[in-house]
Structure formats: C-alpha cells, structure tokens
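Trainee: Before I plan anything at the bench, could we go through this chain slowly, one question at a time?

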Amino acid sequence: MRAVTRLLLLALAMLAAFAASLLLPLPPLAALLGADRSLAFALLWELRLPRAALALAYGAMLGASGAAIQGLFANPLASPDLTGTTSGAALGAVVTAYLLGFSAPLALALGAVGGALGALLLLLALAGPRAETATLLLAGLAISALAGALTTLALALAPSPFAFYDAYEWLMGSLVDRSLEQAAFAAAPALVAILLLLRLARPLDSLTLGEEVAQSFGHDVRRLRVEIVCLTAFGVGACVAICGAIGFVGLVAPIFARRLTGGHPGRAILPAALIGGVLLLAADLVVRAAPLGRTLPIGVVTALLGAPFFLWLVAHMRWRLGR
Amino acid sequence: MTTLLKAEGIALAGRLHPTDFAMEAPELTCLVGPNGSGKTSLLHALARIGWPAGEVRIDGLRPESLPPARRSRLLSYLPASRDIAWPLTALDLVRLGAGADEADEAMAALDLTSWADRRVDRLSTGERSRVLIARALAPRPRLLLLDEPVANLDPLWQLRLMERLREAVAQGQGAVVAMHDLDLAARYADRLVLIDAGAIVAEGAPEAMLGSERLQGVFGIERVEGEWRPLSSPPRRGGEAG
C-alpha cells in the first residue's frame, strides 16, 4: 500500500521534527545535563515541550481545517485565513483580552472561538448556505478585512501602552513562553477537532463530483458544512487564543497533502494535519536559528515563507482559473 | 415481485409540482421536455437531492434509510454538469462510490481503460462525460438516474451508450434518462415521459408519443416528412422557470 507508506513516512517526519524541536539547540541542553540534571529536565519539560507541542498541535489543526475548508468550498485557495476564521478569532481574543487581560486563557479561548464562529457564521449568512465559491471567498476576504480593521481599532483604543504591546506581540503569533497547561489548552481542542474532522473524509471526497452527487450518495451537505464550520472555529479558535494568529500553514499544507492522495480532498485531511505540524515545527526551528538577537514572531516567518508560495500557486492554477 | 421504483407526491418547491412516478419492472424511461420544464428537478426528487417532498421507494426501500455504501447500490445519479472539483485520475473518480473490480469493469465497458491514470481535468468535455457515465454505471445500482448522458458524446458513443443502457435494463436495472434528442430517445426507450412546467403532462410508448399533438404542442415543433420543424403558430406554454 503506497498510501500507507506515505502516511508512515510523514508521521516519521513529524516525529523527527518534534524531537528536533525538543533537542535543538543542543549545546545548552548538553551543558545542563553535565552540570545540573534537574535544570536540564526543567528546560525540556517547561520550555521546550510546551513550545513543540503547541507548534505541532497548531500546525496540525491549521493543516486539517485547511484541507476540510478547501474540500468544502472546492477551492485550493480557501483556508482558515482566507475565510476570516483566523482574523475573527484574533478579534475575539483581543477584545476579550482588553476586558480581562491576557492571563485568563479560558476567557481568551472562549473569546477566540466566539470570534471564529462569528466570522464563519457571518460568512455563511452573507454568502448563503449554497453559495458559489467565488461569493464565499469574496465574503471571506471582506470579513477578514473587517475583523482586521476592528482589531486595529481595538489596538488604537488600547487602555495602556502595555496592553497595546501585549496585544500587538500576541497578534504576530508566538509559541514562546507558554506553560504546559496553556499548551494543553490549545492542543486538546485541536486534537478533538482533528479527530472529528477525519470522520468527514468520505463525504468530502464525494463532493469532488459536486453537491448533487454527494447528496445522491446520502451525504447531508448542509450538516457537513455546519460540522466543518464549528470544528474549525473550535480548534483554530483555541489555538489562536494561546498563540495568536499564524497564517499560510492552513493554505499550504493541504495543497502538499493532496499531492499525496491523488487529489482526493477528504483523504488529504490526515496528511495535511501531519504536514501542517511539520511545517510549524520547522518554522519554529527557523525562529530559533535566526541570528537576529531577539525572537522573531513565528507568524512573520510563516507569512514570509508562505506568501511567495501563494503567488506561485496563483500563477500555476491555470487549470482552475482558466475555466 | 416488488415494484422497482415507486415515488409518491415527490415535489421540489417552485420547480416540480407534487408528482407520482412508478416503474414496475426494469425498463428504460426517457424524460423529454423543453429547457426549464423540470426534467432535472424530477431526477433530483427521485435521487433525493435538494430536500424534496414526498417518498421514493426503490425495491421497497427508502434511499434515505440506507447508509451511503448501500445507497449507491440502489441508485446512482449523473448530473448534467461535467464539472469536477479536484483533478483526480479517471480511475480514482470512477472508484468514488464503487469497488475496485466494479470500477475496472465500468472503465472497460466504456473503453476507458487506457485513460485510467489520466487526470480528469486534462480530458476533453466529451471524454470527461464518458468517465462520469462510467462512474454512475460502476456500482451497478438498481436505478440509474441520468441527466443528459448523451450530451457532448460523439455519434458513435451516443449509440454505444444507449446500447449499454439497453444491456443494463436486460440485466435487471431500471433507467430514467433525461434527453433532448427525441429520435434517439424514441429508438431506445421503452417509455417516453413528457414534462412541462414542472409536471408530467403525458407518457406512453415512444412512437405514439412522438406523433402526439401534446408533445408537438409542448415543444412547439411538428414532424413533417420525417423531419422536425418549428410549428408555424407560436407555442402554447408560457416561459415558466424550472
């Protein structure tokens, strides 16, 4: 089975990236092991493990939800960023943070999930439940712009320079200095959402033949839409609450994943999750290796790497755009 | 023996008035009617697409009561659109909803075996039509619901497809097929069903139907010396949407 082999290789790559994220850079860890074992253990357990777990969970969540959203909208350009989910979650979290501060993860998560859900429901209301892809994407872009503008407004009205700085740094996306509890707070909902999204692989595959044929197979397309919207909002919202908005992984991972599944959109959810995890772990390693003297926001790294890929993608999509 | 297809009160708001439709034993029924008359809507209501009213039983079973794997043995639907959302290979596409052996067989029946690994977005519209038809035939369902299957096919493949549908009927499958070529429909069908303004207005044996004033009136055409020509007087029906 070639498909199984590919999945195993991907899983191995993910484990390797996870191990690298725990162990690299090696020298401080090695030095600590020689000097003080408990300190080395603390470095691993309290600094590197939450960071690696967050990168893996957030990346996997973005990959899986990107694959599901692209399958649902039958469009390789759809992703949590382009449908307004991420920016809605960011707005929800920023508003909550101003009210309650950045140290209340549950409230922040609820705010982010609420914002993501609000953005997705507004999207469905604007574009209608059976909207054309173009309408959905345009509505998504409009919602992204609106949520972005409102977030900027919230920043401009920041109660204090410290609140402004906190929110600004968080918005750029960061995995640094999160506790193990915070990591679990993002990873657990992400894992649940990914597992539930995997169940939808078959109906999503049948959407390749169009909504009508999927319905004739007995798949309830309306329910499928609601499930994907809610699971994406739940999982991405929880991750955004802890790490801020991170773009492009949800766009890029499913595109690579479908190359492994012969184009099947639903079957791509699992490999997209694995690739998303690898991508964000790798981006985080770039953050650590960058010789800038200070920590680069990981959202900036994914955007700098992802945006050129997006442009390449647009240029190479003639088979769809030229229809 | 149970009735192959029994539909009672099936309707789609604004497109299809409540309609009864039945097929006792395997046969090839062709749906004919002007653009927008409701052929596609009737197929949708039979395939349970778009949340139609009424009840459909195929071999006594309600399609809604079955999981997707069993439902594809009961009915299969070919849409008029030849659009495919993702660039799968021809064989992968035919395998959606059918087993590997069935897919191979359906590909062979439509002479597609050599295209198995070609991506569907790189095929012509007519070639893609054949792949989609193979997809609909592959699970060997009790009831085939095909919307304009001969559109985009060259003359040879139009005839081959109709022959293939006759074979399917001989093997115990029923087929309801919407089409515009009245002569081709009459040549192969057991029964013609005429649809106008979202309702079945006449049905019967093909030859009798072709000669009927009702059919000629609905289409606004008449048969003169074996050829179809526009009726000299304007057609009776208004332009009701469907």
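Mentor: Let us begin with one helix, bearing in mind that this is a predicted model: helix α5 (residues 125-137) of chain B lies across β5 and β6 of chain B.

Trainee: At about what angle does α5(B) run to β5(B)?

Mentor: The two strands that α5(B) lies across, β5(B) and strand β6 (residues 143-147) of chain B, themselves pair in the parallel sense over 4 bridges. Taking the direction of the helix against that of β5(B), the angle is about 165°.

Trainee: Which residue in β6(B) is the bridge partner of Leu78(B)?

Mentor: Leu78(B) falls within β5 (75-78) of chain B, and the partner has to be sought in β6(B), with which β5(B) forms its parallel pairing. The bridge partner there is Leu146(B).

Trainee: What is the order of the strands in the open sheet of chain B?

Mentor: The sheet is made of 6 strands with mixed pairing, in the order β5-β6-β7-β3-β8-β9. Its edge strands are β5 (75-78) and β9 (199-204) of chain B, each of which pairs on one side only. Neighbouring strands are turned against each other, with direction ignored, by an average of 15°. Read across from one edge to the other, then, the order is β5-β6-β7-β3-β8-β9.

Trainee: How many residues of strand β7 (residues 174-178) of chain B are buried?

Mentor: In a regular strand the side chains alternate between the two faces of the sheet. In β7(B), Gly174(B), Val176(B) and Ala178(B) point one way while Ala175(B) and Val177(B) point the other way, and all are buried. The strand is therefore mostly covered, since a residue with 20 or more other C-beta atoms within 10 Å of its own is classed as buried, and the count for β7(B) is 5 of its 5 residues.

Trainee: Through which helix does the chain cross from β6(B) to β7(B)?

Mentor: β6(B) and β7(B) run parallel and are joined by 5 bridges, and one bridge sets Leu145(B) opposite its partner Val176(B) in β7(B). The β-α-β crossover from β6(B) to β7(B) is right-handed, and the helix it passes through is α6 (residues 155-170) of chain B.

Trainee: Which residue of β7(B) is the bridge partner of Cys30(B)?

Mentor: Strand β3 (residues 28-32) of chain B pairs with β7(B) in the parallel sense over 4 bridges. For Cys30(B), the bridge partner in β7(B) is Val177(B).

Trainee: Which residues of helix α4 (residues 100-109) of chain B are buried?

Mentor: Seen down the axis of α4(B), the buried residues fall within an arc of 100°, so they line one face of the helix. What covers them includes α3 (90-95) and α5 of chain B, whereas Asp101(B) and Ala108(B), on the other side of α4(B), are exposed. The buried residues are Ala103(B), Ala106(B) and Met107(B).

Trainee: Which residue takes a positive phi in the hairpin of β1(B) and β2(B)?

Mentor: Strands β1 (residues 5-12) and β2 (residues 16-23) of chain B pair in the antiparallel sense over 5 bridges, with Leu12(B) standing opposite Leu16(B). The hairpin has 3 residues between the strands, and the one with a positive phi, near 80°, is Gly14(B).

Trainee: What radius of gyration does chain B have?

Mentor: A compact globule of 242 residues would have a value near 18 Å, and chain B agrees with that expectation. Buried residues make up 44% of the chain, and its C-alpha atoms fill a box of roughly 55 × 40 × 35 Å along the principal axes. The radius of gyration of chain B is 18 Å.

Conventions: Residues are numbered from 1 along each chain as its sequence is written. Chains are lettered from A and ligands numbered from 1 in the order in which they are written. This is a predicted model: local features need pLDDT of at least 70, side-chain atom pairs count only at pLDDT 80 or more; totals for chains, interfaces and linings use all residues. The radius of gyration is taken over C-alpha atoms; the globule rule is 2.2 Å times the number of residues to the power 0.38. A residue is buried if 20 or more other C-beta atoms lie within 10 Å of its own, exposed if 12 or fewer, and partly exposed in between; C-beta atoms are placed from the backbone. Two strands pair if DSSP finds at least two bridges between them. Axes are lines fitted to C-alpha atoms, for helices over the stretch in contact, and angles run from 0 to 180 degrees between N-to-C directions. Two residues are in contact if their C-beta atoms, placed from the backbone, lie within 7 Å. The arc is that of the directions from the helix axis to the C-beta atoms. A crossover is right-handed if, with the strands pointing away from the viewer, the path from the first strand over the helix to the second runs clockwise.
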